[in-house]
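Grab a pencil and try these exercises. Each one comes with a solution you can follow step by step.

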Amino acid sequence: MAFRCHSVPITVLWGGSYSFRFMNYALLAGVVSASARLYELFIRYFRNWGIYLNKKTRAVDEETYKRIISVIRQGFLYEGTHFKPNERIATVLVLEYNLGLRVGDILQLRMSSFVRDGNRYHLDIYEQKTGKYRNFTIPMEVYHFVREYAYKNGIGQKARLFQITERAVLKHLKAAADFLGLEGIGSHSFRKGFATNIYVNNQYNIELVRVLLQHSSVVVSQRYIGIGSKELEDALVKNISLV
């Protein structure tokens, strides 16, 4: 049996661009190829999982972030489906926006992941995607926020804070974004929002963004947030001459 393999670039709802390899099977000689049908099923399947071809995820600003969190906490009715108030998913996204962690890493967090170091706390985890060790300081406000969530939900020190799948988070987020009429929103929108805030609020320090996101280079970080250098931004403003 002969095979043909194609590489299809896609952007997943949580933001990253990937190359998904799948097989278009050529049937035995004399039988019509099923490639077109398989491709159609491929697209339909991944759309059901919240994955879209060639769709760029954008960063959320603070207003959009608050709107999304609010509607998830309150619950909403969308296309005949009632989405109940969901504090758990809202908390996952709040942490992503405030810590810049990926959803997959947030879902692995336990209270024991926050280690006391004198009068502060720091993370003690390894990133799932990169395997890199992450031990950054956690703002006390964020630590108390997480501790209160764990207390209210009776979650022990060693138990996972969020007993939920990444797919469930992404599907709920997609429904909330669609309900609000927002486009280009994925879970990476919150990580990008974090990175953008760090960048803009710290004199356009791209090295600081690189360190916090643990990127391999500032070029990767600059491309990730989609904002030019301070010099570039200033040059564009200075060049404006509207008539």
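Below are three short exercises on helices.

Before you start: this is a predicted model, where local features need pLDDT of at least 70, side-chain atom pairs count only at pLDDT 80 or more, and totals for chains, interfaces and linings use all residues. Residues are numbered from 1 along each chain as its sequence is written, and side-chain values use heavy atoms, with hydrogens and water left out.

**Exercise 1.** Work out whether the length of helix α5 fits its residue count.

*Solution.* Step one: α5 covers residues 140-152, which is 13 residues. (Helices are DSSP runs of H or I, at least four residues, and strands are runs of E, at least two, numbered from the N terminus.) Step two: the expected span is 1.5 Å times one less than the number of residues, so α5 should span 18 Å. Step three: its end C-alpha atoms are 18 Å apart, which agrees.

**Exercise 2.** Find the buried residues of α5 and what they pack against.

*Solution.* Buried means under 20% relative accessible area, exposed over 50%, partly exposed in between (1.4 Å probe, protein chains only). Val-142, Tyr-143, Val-146, Tyr-149 and Ala-150 are the buried ones. Seen down the axis, they fall within an arc of 125° (taken from the directions from the axis to the C-beta atoms), so they line one face of the helix. They pack against α3, β6, β7 and β10, with contact meaning heavy atoms within 4.5 Å. Over on the other side, Glu-141, Tyr-151 and Lys-152 are exposed.

**Exercise 3.** Is Thr-64 buried or exposed?

*Solution.* Look in helix α2, residues 62-74, to find Thr-64. Its relative accessible area is 9%, so Thr-64 is buried.
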